[in-house]
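Q: Here is a model that I would like to understand better. Could you walk me through the reasoning behind the terms people use for it?

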Amino acid sequence: MPILDRIREPGDVKSLNIQELKLLAEELRQCLIDTVTVTGGHLASNLGVVELTLALFYVFEPPYDKFIWDVGHQAYIHKILTGRKDQIKTIRSYEGISGFPNRDESSYDVFNTGHASTSISAGLGIARARDISNEKYNVVSIIGDGAMTGGMVFEALNDLGASKTRMIIVLNDNNMSISPNVGGLNRHLSKVRLSKRYASFKFKTLKIINQIPLIGKFLVKTFNRVRDNLKFALINGKMFEQFGLKYIGPIDGHNIDNLIEFLQHVKESDEPVLIHVVTQKGKGLPCAEKNPVEYHGINSIHNNSNGHSFSKALGKTLTKLAEENNFVAAITAAMAEGTGLEIFKKEHPDRFFDVAICEGHAVTMAAGLAASGLKPYVVIYSTFLQRSFDQVLHDVCLMKLPVTFCIDRAGIVGADGVTHQGIYDLSYMSVMPDMTITSPKDIKELEMLLKWSLDFKTPLAIRYPKDSVLETDIHTPIQYGKWELLKSSDSDIFIVAAGGSMLKLGLEVAEILKSQNINLNIINARFIKPLDYEFLNKLLDKSYIITMEDNILHGGLGASIAEYLVSKSKKCKIKHYAMPEKVSILGTIEEVYTALGFTAEKISKEIADFLIK
Ligand SMILES: Cc1ncc(C[n+]2csc(CCOP(=O)(O)OP(=O)(O)O)c2C)c(N)n1
């Protein structure tokens, strides 16, 4: 009987001996490979933390002790061990379990994650609440070296080190973000990583001394003092100590007995401690070990991507524009692959900046470039730009600087779920003073907008989803603040939609309604801020407007149109299709839209009813 079948609850891990734990690690790896190659997901990151997760469950008492997984993309083993073994086959799929920790799913998921660098702040809050209520549980934040580069981490370390609150940080250092990790912190960790032997030597010695009756404990204390002095000479791990944390490591993250011993040791600590664990991303699967970037996140075998990627087109077009214009620069926050910027990095390394997982810094740094005459393009996922609200406002818009935001993965994202939906950017970008917001309907229009953006002198956003789904030959020249007529009729009924998915849906709706003798006009709202006021001014009171967008209603296209029409005392009837405030449905993008009621059949019926009323 596989050992995994004997694990009915997390505490069962504690009854295993080291040999059995090692066998269980192998079984878990196989389970991950079998599952994730079908469902898609973060394979390499999870393969790297098998022993670490087992050791945590061996030493601690969850859910009494609290584990907070940073980003949370590496919590699959945690899920398997906490009663979700049978559901793991459904991870990231429609009606399945989430690919990230989720409090609604399990009491073992203490804090929802998805965006990087939150675990130390959240952990400190939980630890402080524990102390206020005189509880004794342990708080363990597990964070990767990539997530460690985010600014919030340093804000949290600064606070934690000063307050001396008891908590444990496990730094899971695999020298990789999605791409190889970058920056000064990474260089520092690389130096520390080289001193592996020190940590084991110290600990083995400690163990032996500790076993000496009576004087053992005293000797351990003396040893610790000596060790503290020695460490400054021997290794370079003092950065964390200077923040006020105790630093232990580096430790081999695949040596489970050693890991257990170290974790037992830090569990006893009455001050904040950072334990530095070195792991290999993709461990146990040769192709993933060799190519962790490709295996960071893999596609489901039911992958619904149509291969027409906006990101690829963005990378190519921007690279070409940079060839012709030496003032063009590109910025990514650790997402060069996903955003299509790899080619730019290769061709123009001097004007390419990967700033690590630091979206706020990315935006203000771009503002600095723009203030000094360059034309920066911040290429960023919609969901991660949320991190930079104030930087966009304070550092770009108030100075009216010509930074262009290329907002990738706008709209519904599918399997990554609620934390990654790109359904808020129209709302938070529309409040920015002097911001122009555009939304190309297809790849050709993205290319046109990028070329057009070169001479644009104020803040600009171009938002697009992952895949291009619309097929049309209509491509009228870009004119500031002007919409495009995609389908005309002599009726007073207008679908005004932003982006390819919505326009495609609008065209399908128009087809269905045509068979019922209802003719519609379809408008491509390629400018969302400003709206096409000339068009709106011409609308008659008897007109019907149906707005469609893959953003929430509040602050989006539909609400902006309604607001304008009211301000002009127009009486036309208006109906909105927009995303709800929160979309937790998992699955392919199509499955999510269908579950939300965004189907041509349903919408055409509703529009027909709307026209009768
Ligand atoms: C704020 C934010 N920006 C970007 C991402 C995208 N992202 C997900 S995982 C990851 C790399 C994380 O690296 P690390 O913490 O070292 O974890 P590893 O996968 O290497 O174990 C990135 C950039 C994110 N989740 N959150």
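Q: What makes domain 2 and domain 3 count as being in contact?
A: Contact means heavy atoms within 4.5 Å. By that rule, 28 residues of domain 2 are in contact with 35 residues of domain 3. The C-alpha centres of domain 2 and domain 3 are 26 Å apart.

Q: How do you know where the domains begin and end?
A: Their bounds come from an automatic or database domain assignment. Here the assignment gives domain 1 (3-195 + 235-296), domain 2 (310-463) and domain 3 (484-612). Residues are numbered from 1 along each chain as its sequence is written, and side-chain values use heavy atoms, with hydrogens and water left out. Do keep in mind that this is a predicted model: local features need pLDDT of at least 70, side-chain atom pairs count only at pLDDT 80 or more, and totals for chains, interfaces and linings use all residues.

Q: What makes E359 a polar contact of the ligand?
A: A polar contact is a pair of N or O atoms within 3.5 Å. A polar side-chain atom of E359 is 2.6 Å from a nitrogen atom of the ligand, so the pair fits the definition. The protein covers 98% of the 590 Å² of accessible area that the ligand has on its own (Shrake-Rupley method, 1.4 Å probe).

Q: Which polar contacts do N174 and M176 make with the ligand?
A: An N or O atom in the side chain of N174 lies 3.0 Å from an oxygen atom of the ligand. M176 uses a backbone N or O atom, 2.9 Å from a ligand oxygen atom.

Q: Why is the second largest cavity said to lie between two domains?
A: Domain 1 and domain 2 both give residues to its lining, so the cavity lies between them. Lining residues have an atom within 4 Å of a point of the cavity, which is a set of points on a 1 Å grid over the protein atoms alone where a 1.4 Å probe fits but cannot get out. Among the residues lining the second largest cavity are S177, P180, A334 and D354.

Notes:
A polar contact is a pair of N or O atoms within 3.5 Å; within protein, one must be able to donate a hydrogen and the other to accept it, and residues adjacent in sequence count only if both atoms are side-chain atoms. On a 1 Å grid over the protein atoms alone, a cavity is a set of points where a 1.4 Å probe fits but cannot get out, and a pocket is an open set with protein on both sides within 12 Å along at least five of seven lines; lining residues have an atom within 4 Å of a point.
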